[in-house]
Amino acid sequence: MPDTPFSPEMLDSLVQKQDILPDCSLWLLDIRKLPVLMPEDIVGILHESSVIRYSELSRKQRRIQFVVGRLLAKYAVSRLQDRPIHGLALIERRSNVPQLRAMPPLAAPLYYSLAYRYDHAVCAISRSRLTGLDIEVVDKEREIATPAETAFNAHENAWLSALPSDEWHRGYYELWTRKEACYKLLSSKHGGIHDDLFWQTDCLADNRFEWKTLRQPEDLLITVCQADPTVEFTLTQAPSYNPDNAFDIFRR
Ligand SMILES: CC(C)(COP(=O)(O)OP(=O)(O)OC[C@H]1O[C@@H](n2cnc3c(N)ncnc32)[C@H](O)[C@@H]1OP(=O)(O)O)[C@@H](O)C(=O)NCCC(=O)NCCS
């Protein structure tokens with residue numbers, strides 16, 4: 001029995017898929033195009049481990065993003081692996097994307113990342129590369145909450161300052177999405193947040209990583225960051241919890 005009210009054919013018509021980088025597909029969904037989610041739809045999409053997290057989310061838009069992100073990830077995996085969506089579950093982990101569980105199990109791991117901005121949900125999936133993703137809207141009217149000097153290192157700021165003034169905002173958001181995508185990649189690799197490690201990474205010059213930024217309509221900027229799964233980073237602090245324990249999230 002299907003566990004989502006949205007047929008694969010309907011999602012085929014709504015989700016934009018693009019193949020980018022040597023091994024990465026990007027799946028973008030405009031949430032406004034989906035029918036309104038009913039409570040029974042949400043129960044069908046979410047794994048039981050997601051229900052408490054869902055109920056803790058206070059903003060309506062964030063709740064919808066949370067559900068649609070899981071729908072999008074399951075749909076993308078089902079299409080990539082040519083298997084039914086109801087054989088896939090996403091189990092919550094703290095500070096990471098949910099863990100993908102497939103029945104029958106997948107022959108090899110998949111790496112994926114999720115991000116949202118307003119009415120857009122996006123998922124990047126790779127068969128072979130660690131993957132992190134971020135999406136932003138380049139909005140010149142919106143006040144920038146984190147000054148560039150605080151967000152970026154000296155080399156990144158020098159690059160930003162050298163841009164023509166009418167390209168500054170795009171440059172700021174491109175760097176920002178590179179940082180965030182890299183952060184998610186590192187966090188998924190090491191199972192925790194390593195701020196010191198993150199700040200060591202020069203998001204313009206660190207050749208352990210590859211970034212790709214796409215500009216989309218409505219001033220959307222989407223950046224994927226990838227690295228080889230065998231890549232080693234020097235950790236200066238240990239993860240503070242077990243990322244493989246799906247229920248760690250309930251012990252906050
Ligand atoms: C964790 C963080 C990356 C999330 O970014 P965000 O803009 O709030 O949210 P996004 O929409 O981009 O992404 C949310 C999704 O990312 C995934 N995610 C969250 N934390 C993650 C982590 N530590 N590692 C990998 N993926 C993570 C989740 O799937 C989440 O969606 P879900 O809650 O529905 O499962 C961000 O809040 C953060 O802490 N960044 C730290 C780095 C930093 O300081 N950047 C600023 C300077 S450039």
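This is a short talk on one open sheet and the helix that packs on it.

Okay, a caveat before anything else: we're looking at a predicted model, where local features need pLDDT of at least 70, side-chain atom pairs count only at pLDDT 80 or more, and totals for chains, interfaces and linings use all residues. Numbering starts from 1 along each chain as its sequence is written.

So, the overview. The protein has 8 helices and 9 strands; those are DSSP runs, H or I of at least four residues for helices, E of at least two for strands, numbered from the N terminus. Of the 252 residues, 34% are buried, which takes 20 or more other C-beta atoms within 10 Å of a residue's own, with C-beta atoms placed from the backbone.

Now the sheet. It's open, antiparallel, and ordered β7-β9-β8, where pairing takes at least two DSSP bridges between two strands. β7 (130-137) and β8 (210-216) are the edges: each has a single partner strand, so one side of each lacks a neighbour in the sheet. Strand to strand, the twist averages 15°. Between β8 and β9 (residues 220-227) there are 7 bridges, and R215 sits opposite L221 in β9.

What packs on this sheet? Helix α7, residues 168-190, touching β7, β8 and β9, with its direction at about 145° to that of β7. Axes are lines fitted to C-alpha atoms, for helices over the stretch in contact, and angles run from 0 to 180 degrees between N-to-C directions.

Last stop, L175, in helix α7. L175 is buried, with 23 other C-beta atoms within 10 Å. Leaving out residues up to four places away in sequence, L175 touches F152, E156, L160 and C203; contact is C-beta atoms, placed from the backbone, within 7 Å.

How values were computed. Buried ≥ 20, exposed ≤ 12 C-beta atoms within 10 Å, placed from the backbone. Contact = placed C-beta atoms within 7 Å.
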